[in-house]
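Good morning, and thank you for joining this meeting. I would ask you to look at the sequence and the model together as we go through a few local features.

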Amino acid sequence: MADYAIIVAGGKGLRMGTDVPKQFLPVAGRPVLMRTIDRFMACSEGLRVILVLPRAQQDYWRSLCREYGFSAPVSIADGGPTRFHSVSNGLALIPDSEQGVVGVHDGVRPFPAVQVISNCYGVARAQGAAVPVAPVVETLRKLLPGETAEAADSGAPRTSVTVPRSDYRLVQTPQTFDIQLLKRAYRQPYTEAFTDDASVVERLGHAITLVEGNRENIKITTPFDLKIAQALL
């Protein structure tokens, strides 16, 4: 029996506006992706980490590891055309007979609390599937039928209603699952409805247990996010 973490890092940095993919950008002198992996290694030294990277970025990652003396034992899988295919490629490196828990995490989320990671793995071990979430602190409005996001952004008159934010949660990662359950889920044909790993598992009819996340567990995708990350450190 063994536990795994699949770290998915396929970003191109388009919204960041840099030539360097966002997962490789330094935050307080250390690449984002290394900080992410550090959190999982701090949770459990026995955790087996699988890093999913586009093939074109793998040599650059290896050069960064040499530059920063980063020697964590990490297996590398090729990224796919979608997140679904990338996770599937990472799962392929886990033996089909393996028992344990696997967490899937965004490579550009370097601040999951170690206790949150531990809690997710513990709940998934007991319940089969666990996802960390955070409360919604902003007021939410729902566009009514016939309205579009484009119309809302234009400032044109529209019909919408406030919805109770207590009914909603913001989803984070790592999303954690029994290994055999996640492998079965990823044998399903791909559909655009699969927006995250939980949605893939839910298609099998398996319930998802929510775990309290930590608000610092932000996803770094824009220059503003990078400033927040610098401040957090």
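Let me begin with a definition: a residue is called buried when its relative accessible area is under 20%, exposed when that area is over 50%, and partly exposed in between. Please also keep in mind that what you see is a predicted model.

Take Ser118 as the opening case. Ser118 has a relative accessible area of 35%, so this residue is partly exposed. Ser118 belongs to helix 4, which covers residues 114–127. Along the chain, Ser118 and Ser44 are 74 residues apart, yet their C-alpha atoms are separated by 8.5 Å.

A second pair may be set beside this one. Asp59 and Val200 are 141 residues apart in sequence, and from C-alpha to C-alpha they are 31 Å apart in space. Asp59 sits in helix 2, residues 55–68. Because its relative accessibility is 55%, Asp59 counts as exposed.

Val200 leads us to the empty space inside the model. In general terms, rolling a probe the size of a water molecule over the atoms shows where empty space is left. How many cavities of 30 Å³ or more does the structure hold? There is 1 such cavity. The largest cavity has a volume of about 30 Å³. Val200 is one of its lining residues, together with Arg83, Phe84, Tyr186, Phe194, Thr195 and Asp196. Sorted by class, this lining comprises 4 nonpolar, 1 polar and 2 charged residues.

From the cavity I turn to a pocket. The second largest pocket has a volume of about 370 Å³. Its lining is made up of 15 residues, and those lying nearest the centre are Leu170, Gln172, Arg215, Asn217 and Ile218. Which elements give two or more residues to this lining? They are strand 7, residues 129–135, and strand 10, residues 169–171. By class, the lining of the second largest pocket has 8 nonpolar, 2 polar and 5 charged residues.

Strand 10 also borders the next feature. Pro174 lies in the loop between strand 10 and strand 11, the latter being residues 175–178. The peptide bond that joins Thr173 and Pro174 is cis, with omega at about 15°. A further backbone feature is found at Ala28, where phi is positive, at about 50°, although the residue is not a glycine. As background to both cases, most residues other than glycine have a negative phi, and most peptide bonds are trans. Ala28 is placed in the loop between strand 2, residues 26–27, and strand 3, residues 30–31. With a relative accessibility of 47%, Ala28 counts as partly exposed.

Let us now consider the charged side chains. How many salt bridges does a search of the whole structure find? The search finds 9. I shall present three of these pairs.

In one pair, Asp38 forms a salt bridge with Arg30, and the closest N and O atoms are 2.9 Å apart. Asp38 is partly exposed, with a relative accessible area of 29%. Arg30 is partly exposed as well, with a relative accessible area of 22%.

In another pair, the side chains of Lys183 and Asp96 meet at 3.1 Å, N to O. Lys183 lies in helix 6, residues 179–185, while Asp96 lies in the loop between helix 3 (83–91) and strand 6 (101–106), so the salt bridge ties together parts that are 87 residues apart in sequence. Is each partner buried or exposed? Lys183, at 6% relative accessibility, counts as buried, whereas Asp96, at 55%, counts as exposed.

In the remaining pair, Asp106 and Arg109 form a salt bridge at 2.9 Å, N to O. Both Asp106 and Arg109 are buried. Salt bridges with shared partners join these two residues, Arg83 and Asp197 into one network. Arg83 is the residue we met earlier, in the lining of the largest cavity.

I close at the surface. Which residues form a nonpolar patch there? They are Phe224, Ile228 and Leu232, which together have about 280 Å² of accessible area. Leu232 is found in helix 8, residues 223–232. At 41% relative accessibility, Leu232 counts as partly exposed.

Thank you for your attention.

Terms used: Residues are numbered from 1 along each chain as its sequence is written. This is a predicted model: local features need pLDDT of at least 70, side-chain atom pairs count only at pLDDT 80 or more; totals for chains, interfaces and linings use all residues. Side-chain values use heavy atoms; hydrogens and water are left out. On a 1 Å grid over the protein atoms alone, a cavity is a set of points where a 1.4 Å probe fits but cannot get out, and a pocket is an open set with protein on both sides within 12 Å along at least five of seven lines; lining residues have an atom within 4 Å of a point. Grid points are joined across faces, edges and corners, and a volume is the space filled by probe spheres set on the points. Helices (H or I, at least four residues) and strands (E, at least two) are DSSP runs, numbered from the N terminus. Ala, Val, Leu, Ile, Met, Phe, Trp, Tyr, Cys and Pro count as nonpolar, Asp, Glu, Lys and Arg as charged, and the others, Gly among them, as polar. Patches are made of residues with over 30% relative accessible area and no salt bridge: like charges are joined within 9 Å, nonpolar side chains (Val, Leu, Ile, Met, Phe, Trp, Tyr) within 5 Å. Accessible areas come from the Shrake-Rupley method with a 1.4 Å probe; for residues, only the protein chains shown count as cover. A salt bridge is a side-chain nitrogen of Lys or Arg within 4 Å of a carboxyl oxygen of Asp or Glu. Buried means under 20% relative accessible area, exposed over 50%, partly exposed in between (1.4 Å probe, protein chains only).
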